[in-house]
Amino acid sequence: METKNTRNHEKNQSLQIRRYPEVSTMPHIDNDVKLDFKDVLLRPKRSTLKSRSEVDLTRSFSFRNSKQVYTGIPIIAANMDTVGTFEMAKVLCKFSLFTAIHKHYSLKQWKEFAVQNSDCLEHLAASSGMSSSDFEQLEEILEAIPQVKYICLDVANGYSEQFVECVKEVRKRFPQHTIMAGNVVTGEMVEELILSGADIIKVGIGPGSVCTTRKKTGVGYPQLSAVMECADAAHGLKGHIISDGGCSCPGDVAKAFGAGADFVMLGGMLAGHSESGGELIERDGKKYKLFYGMSSEMAMKKYAGGVAEYRASEGKTVEVPFKGDVEHTIRDILGGIRSTCTYVGAAKLKELSRRTTFIRVTQQVNPIFNDNK
């Protein structure tokens, strides 16, 4: 016998059957506006600073999982073979900057560098991917050179369960080393990687100057918003983040710090120098250096024999006008950040994010002489 309760139960079941497939199969659109460095400027504020020379760019961090303490200017040369070189590290460490050394140096090359440049070792990270050969080489390097206390675990897609397990394994194997891991762009994955043993999370998918991931896959996240959201997630767990990619000028580096990044990683801005890797080319009396993404066809031909049949290249190769010694570029970047701090009244880099108010804009600079250097 059908009752009112039976009819209501069947009606509810019918509604559930109709409703749930719609929820699970339809794509979701996040309508909140997400911003990039080009979409904002920093609002100036009253300042008591008399000179840029008063600004202290040094930061000190104590890391959640390794318990290690870092002190330095938190700018990192990216672990690309055209940027994260031993030659680059020699110069950057003089300024107390950091270098994530690319993973393609041999153990012999590491040992030779360590003997001649022991003062730089505290400002270096040894890099690794997830392959067994990468991990074996990482173990050899860290056992041979115990002064290196930082590990950079770098994959294009930090969202895989395999990568989370890799982080756990590396933490278990090296409990006192500081682990940088990524790349991701959302708070929940930042939290998972920190809880899995990472100390510093690399944030950025697709913003790099020679990265084509967004073009090839349609995946990415505007870098400024990614940094703000990921910094909030990391700091809630006493973790840290690196803003990795998207900086094209010193002002972008300052914006990344203003958005809450603890470290900023640079690739393209450090390419094309004497200390950078990449072939030097001369044409019509001008010099250029090759710069390419580590997922580019050139990099895969160099290290993997070519692009595998199942994948596409997600990087490009460009010729960067030769810039000479990287020291000049470093001074320009640091000078720009100091100036940012004076505009917003931050006596220390640590204070920059607290003094930052971003304003949305439709134009960054006057474009009339953009073609003129």
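Me: In which loop is the place of Leu237?

Reply: In this predicted model, Leu237 sits in the loop between helix H8 (223-236) and strand E10 (240-244).

Me: Why does Leu237 count as buried, partly exposed or exposed?

Reply: The relative accessibility of Leu237 is 21%, whereas a buried residue has to be under 20% and an exposed one over 50%. The value falls between these two limits, and therefore Leu237 counts as partly exposed.

Me: What does Leu237 touch, leaving aside residues up to four places away in sequence?

Reply: Leu237 touches Arg64, Glu191, Ile194 and Leu195. Of these, Arg64 is 173 residues away from Leu237 in sequence, yet the two C-alpha atoms are 8.1 Å apart in space.

Me: How do you know whether Lys238 is buried or exposed?

Reply: Lys238 has a relative accessible area of 65%, and the cut-off for an exposed residue is over 50%, so Lys238 is exposed. The place of Lys238 is likewise in the loop between H8 and E10, and its phi is near 60 degrees, a positive value in a residue other than glycine.

Me: What makes Lys67 count as buried or exposed?

Reply: The reasoning runs from the relative accessibility of Lys67, which is 61%, to the requirement of over 50%, and Lys67 therefore counts as exposed. Lys67 belongs to the loop between strand E2 (59-62) and strand E3 (69-72), and the phi of Lys67, near 65 degrees, is positive although the residue is not a glycine.

Me: Why is H9 described as parallel, perpendicular or oblique to H11?

Reply: Helix H9 (residues 250-258) packs against helix H11 (residues 326-344) at an angle of about 55 degrees, and their axes are 8 Å apart. That angle is not under 35 degrees, as roughly parallel would need, and it lies outside the 65 to 115 range of roughly perpendicular, which makes H9 oblique to H11. The crossing itself is right-handed.

Me: Which residues make the contact of H9 with H11, and how do they divide by character?

Reply: H9 contributes Pro250, Val253, Ala254 and Phe257, while H11 contributes Asp332, Ile333, Gly336, Ile337 and Thr340. Taken together, they divide into six nonpolar, two polar and one charged, and Gly is placed among the polar residues in this division.

Me: What makes H9 mostly covered?

Reply: Eight of the nine residues of H9 are buried, which means that each of the eight has a relative accessible area under 20%. The buried residues are Pro250, Asp252, Val253, Ala254, Lys255, Ala256, Phe257 and Gly258. Just after H9, Gly260 takes a positive phi of about 115 degrees.

Me: Which residues touch the most other members of the largest nonpolar core?

Reply: That core has 104 residues, and Ile75, Trp110 and Val253 touch the most other members. In soluble globular proteins, nonpolar side chains tend to be buried together. Leaving out residues up to four places away in sequence, Trp110 touches Phe86, Ile101, Tyr105, Leu124, Ala125, Ala126, Ile141, Ile145 and Val148.

Me: How do helix H5 and helix H6 meet?

Reply: The axes of H5 (residues 161-173) and H6 (residues 187-195) come within 9 Å and cross at roughly 35 degrees. Phe163, Val164 and Val167 of H5 meet Met189, Glu192 and Leu193 of H6, a set that divides into five nonpolar, no polar and one charged.

Notes
Residues numbered from 1 in each chain as written. Predicted model: local features only at pLDDT ≥ 70, side-chain atom pairs only at ≥ 80, totals over all residues. Heavy atoms only, no water. Core = buried A, V, L, I, M, F, W, Y, C linked by side-chain atoms within 4.5 Å. Buried < 20%, exposed > 50% of the residue type's maximum accessible area, 1.4 Å probe, protein only. Contact = heavy atoms within 4.5 Å. Axes fitted to C-alpha atoms, helices over the stretch in contact; angles between N-to-C directions. Helix = DSSP H or I, 4+ residues; strand = E, 2+ residues; numbered from the N terminus. Parallel < 35°, antiparallel > 145°, perpendicular 65-115°, else oblique. Left-handed = near helix turned anticlockwise from the far one by under 90°.
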